[in-house]
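Good morning, and thank you for making time for this presentation. I would ask you to keep the sequence and the model in view while I speak.

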Amino acid sequence: DDGEVLAVRCANEQFSMGTYLTVKNKRSGKSRFLCEVEAEKYGTEYSVKEYVSAALMTRSEAGEYTILDSDMIHKRSKFRSKLRTDDIDVPCYICMASVQNTMIFDVAINDESCDYAMEEVTVFSEILQWMMNGMGEE
């Protein structure tokens, strides 16, 4: 009897996201930003390309954020941005990936060129606070 084998995987997390930010600095004064986002909904892969958007920003030591690219391009499984960075005073980079029409988001930091230590948990809570306050909308 060739009964079908059914694998059941219980997902205790409704949604999980993993976000990673890589920064490649070029001699030309430009940098390439690659923000990789993996998302799962109830344990199955979630279409990042369709439902997730990513923004690139910097954070000052005082906790002030500047958006560099509010809508990174999704290409070949990563969100990408190419920017001139030789005039950026605070090279403390953050990629914020958010699921459209929800409050679900994740952050990745890249502080390789940063002159202070950024904590991912601090950045996450600051951005959450900002989102709860209507994202700076007057």
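How many helices and how many strands does the protein chain have? The chain contains two helices and nine strands. Please bear in mind throughout that this is a predicted model. Read from the N terminus, the order of elements is β-β-β-α-β-β-β-β-β-β-α.

A few overall values come next. The protein chain has 138 residues, and 39% of them are buried. Its exposed surface amounts to about 9,200 Å², of which carbon and sulfur atoms supply 46%. Where contacts link residues at least 6 apart in sequence, 56% of them join residues at least 24 apart.

Let me turn to the open sheet. Four strands make it up, in the order β5-β4-β8-β9, and their pairing is antiparallel. Which strands stand at its edges? They are β5 and β9, the latter spanning residues 105–110; each has a single partner strand, so one side of each is left without a neighbour in the sheet. On average, neighbouring strands here are turned by 30° against each other, with direction ignored.

Within this sheet, β4 and β5 are joined in the antiparallel sense over four bridges. One detail of that pairing is T58, whose bridge partner in β5 is T66. Helix α2, residues 120–132, packs on the sheet and touches β4, β5, β8 and β9. The direction of α2 makes about 135° with that of β9.

The loop between β4 (52–59) and β5 (65–69) holds S60. Is S60 buried or exposed? Its relative accessibility is 16%, and because the limit for buried is under 20%, S60 counts as buried. Beyond its neighbours within four places in sequence, S60 is in contact with V90 and Y116.

I move now to β7 and its partners. Strand β7 pairs with β2 in the antiparallel sense over six bridges. Strand β6, residues 73–75, also pairs with β7 in the antiparallel sense, over three bridges. R80 in β7 has L34 opposite it, and I73 likewise stands opposite R80. β6 and β7 form a hairpin with two residues between them. In the turn, R76 has a positive phi of about 50°.

Strand β6 also contains H74. At 18% relative accessibility, H74 counts as buried. Its contacts, leaving aside neighbours within four places in sequence, are with V48, K49 and F79.

What of the interior? In soluble globular proteins, nonpolar side chains tend to be buried together. In this model, the largest nonpolar core has 22 residues. Which of its members touch the most other members? They are M17, L21, F33, V37, V52, M72 and F79. Strands β1, β2 (30–41), β4, β7 (78–84) and β8 each supply at least two residues of this core. V37 illustrates the surroundings: not counting residues up to four places away in sequence, V37 touches M17, G18, T19, V48, V52, F79 and A97. Another core, of 14 residues, lies apart from the largest one, and M96, F105, V107 and I109 are among its members.

My final topic is the aromatic rings. A pair of aromatic rings is described by the distance of the centres and the angle of the planes. A search of the whole structure finds four aromatic pairs, and I shall describe two of these. In the pair of F15 and Y46, the ring centres are 4.9 Å apart and the planes stand at 75°, so the pair is edge-to-face. F15 belongs to strand β1 (residues 15–25), while Y46 lies in the loop between β3 (44–45) and α1 (48–51), so the pair ties together parts that are 31 residues apart in sequence. Both of these residues, F15 and Y46, are buried.

Y46 also forms an aromatic pair with Y51. Here the centres are 5.1 Å apart and the planes are at 35°, and the pair is tilted. How do the two tyrosines stand in relative accessible area? Y46 has 16% and is buried, whereas Y51, with 36%, is partly exposed. Ring pairs thus link F15, Y46 and Y51 into a cluster.

To close, I would point you back to the two nonpolar cores, one of 22 residues and another of 14, and to helix α2 packing on the open sheet. Thank you for your attention.

Technical notes: Residues are numbered from 1 along each chain as its sequence is written. This is a predicted model: local features need pLDDT of at least 70, side-chain atom pairs count only at pLDDT 80 or more; totals for chains, interfaces and linings use all residues. Side-chain values use heavy atoms; hydrogens and water are left out. Rings of Phe, Tyr and Trp (its six-membered ring) pair if their centres lie within 6.5 Å; planes under 30 degrees apart count as stacked, over 60 as edge-to-face and the rest as tilted. Buried means under 20% relative accessible area, exposed over 50%, partly exposed in between (1.4 Å probe, protein chains only). Contact means heavy atoms within 4.5 Å. Accessible areas come from the Shrake-Rupley method with a 1.4 Å probe; for residues, only the protein chains shown count as cover. Two strands pair if DSSP finds at least two bridges between them. Axes are lines fitted to C-alpha atoms, for helices over the stretch in contact, and angles run from 0 to 180 degrees between N-to-C directions. A nonpolar core is a set of buried Ala, Val, Leu, Ile, Met, Phe, Trp, Tyr and Cys residues joined through side-chain atoms within 4.5 Å.
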